[in-house]
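Me: I have a structure open and would like to talk it through. Could you start with what surrounds the ligand?

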Amino acid sequence: MTPRKLLLIGAGGMARETIELIHAINREGARWEPIGVLDDNPDKRGTDVLGLPVLGPCAMATEVGEDVDLLACVASPDDPPRRARLVERLGVPDPHYATLVHPTAVIPDSARIGPGSILHAQVVLTADVTVGAHVAIMPQVVLTHDDRVGDFVTFGAGARVSGGVTIEPAAYIASGAMLRERITVGPGAVVGMGAVATRSVPAGEVWHGCPARPAPAARLEVA
Ligand SMILES: CC(C)(COP(=O)(O)OP(=O)(O)OC[C@H]1O[C@@H](n2cnc3c(N)ncnc32)[C@H](O)[C@@H]1OP(=O)(O)O)[C@@H](O)C(=O)NCCC(=O)NCCS
């Protein structure tokens, strides 16, 4: 199979993690040819990200041909809808985005994964899990039966989600968080590092602790 060209959008830590993921996939057989990175910071132009050149602003993603796939590589717990805003601003249709899955991830036939989503090493989806578009899932995240993950959700490493949980678009589930069965995390909400969420988390709120409660911080902007 001829490797597909791939252009990453965003030149930060998530891009470097994604490049390492691409290398891991390619070690099993060349599937992707990463050609560069786009970023709106003019200071980054002409630099390189793990050997890939920063070619220009993010808007260049709208000019590439059919032979180039895209991936939006920005994420921040301080601004969970950031990746959604980037993809919506570019307006490139979802089929132009790649889906990357690490060779050690466990993905059963019953799973559905949308375009633009990235699943890192040792992610496990057990049964009937639906993952939307542009979802970022860091290493060792476990999603269990009937979980529904909306577009633009981000999971930090090691988050664990019980069965039948709904995570609405652009929510951020931080590293090591645990979610009780059948709860809902609202759009743009943040569940903090190591939190144990036993109740549904409303849209745009930041909850942390065990059991998780609203953090004193102000509400975040909802996507
Ligand atoms: C929940 C979170 C968003 C809060 O961040 P924040 O609003 O900047 O909070 P602050 O650091 O100002 O801390 C405010 C208070 O909450 C506490 N706190 C912050 N995060 C906490 C957490 N996850 N659990 C328990 N308490 C927490 C702080 O200790 C502090 O308490 P204090 O005032 O008594 O000292 C952040 O801690 C978090 O989880 N970020 C995600 C990190 C992550 O997973 N990154 C992965 C990708 S790199």
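Reply: By class, the shell around the ligand holds 8 nonpolar, 6 polar and no charged residues, where Ala, Val, Leu, Ile, Met, Phe, Trp, Tyr, Cys and Pro count as nonpolar, Asp, Glu, Lys and Arg as charged, and the others, Gly among them, as polar. This is a predicted model, in which local features need pLDDT of at least 70 and side-chain atom pairs count only at pLDDT 80 or more, while totals for chains, interfaces and linings use all residues. Residues are numbered from 1 along each chain as its sequence is written.

Me: Ok, and which of the 14 residues around the ligand come nearest?
Reply: Those are Pro77, Gly156, Ala174, Gly192 and Met193; a residue counts as near if its C-beta atom, placed from the backbone, lies within 6 Å of the molecule.

Me: Switching topic, which residues of H1 are buried?
Reply: In H1, a helix being a DSSP run of H or I with at least four residues, numbered from the N terminus, the buried ones are Met14, Ala15, Thr18, Ile19, Leu21 and Ile22. Buried means that 20 or more other C-beta atoms, placed from the backbone, lie within 10 Å of the residue's own.

Me: Why do they line one face of the helix?
Reply: Seen down the axis of H1, the buried residues fall within an arc of 160°, so they line one face; the arc is that of the directions from the helix axis to the C-beta atoms.

Me: And what follows H1?
Reply: Gly29 follows H1, and its phi is positive, near 140°.

Definitions and conventions. Buried ≥ 20, exposed ≤ 12 C-beta atoms within 10 Å, placed from the backbone. Helix = DSSP H or I, 4+ residues; strand = E, 2+ residues; numbered from the N terminus.
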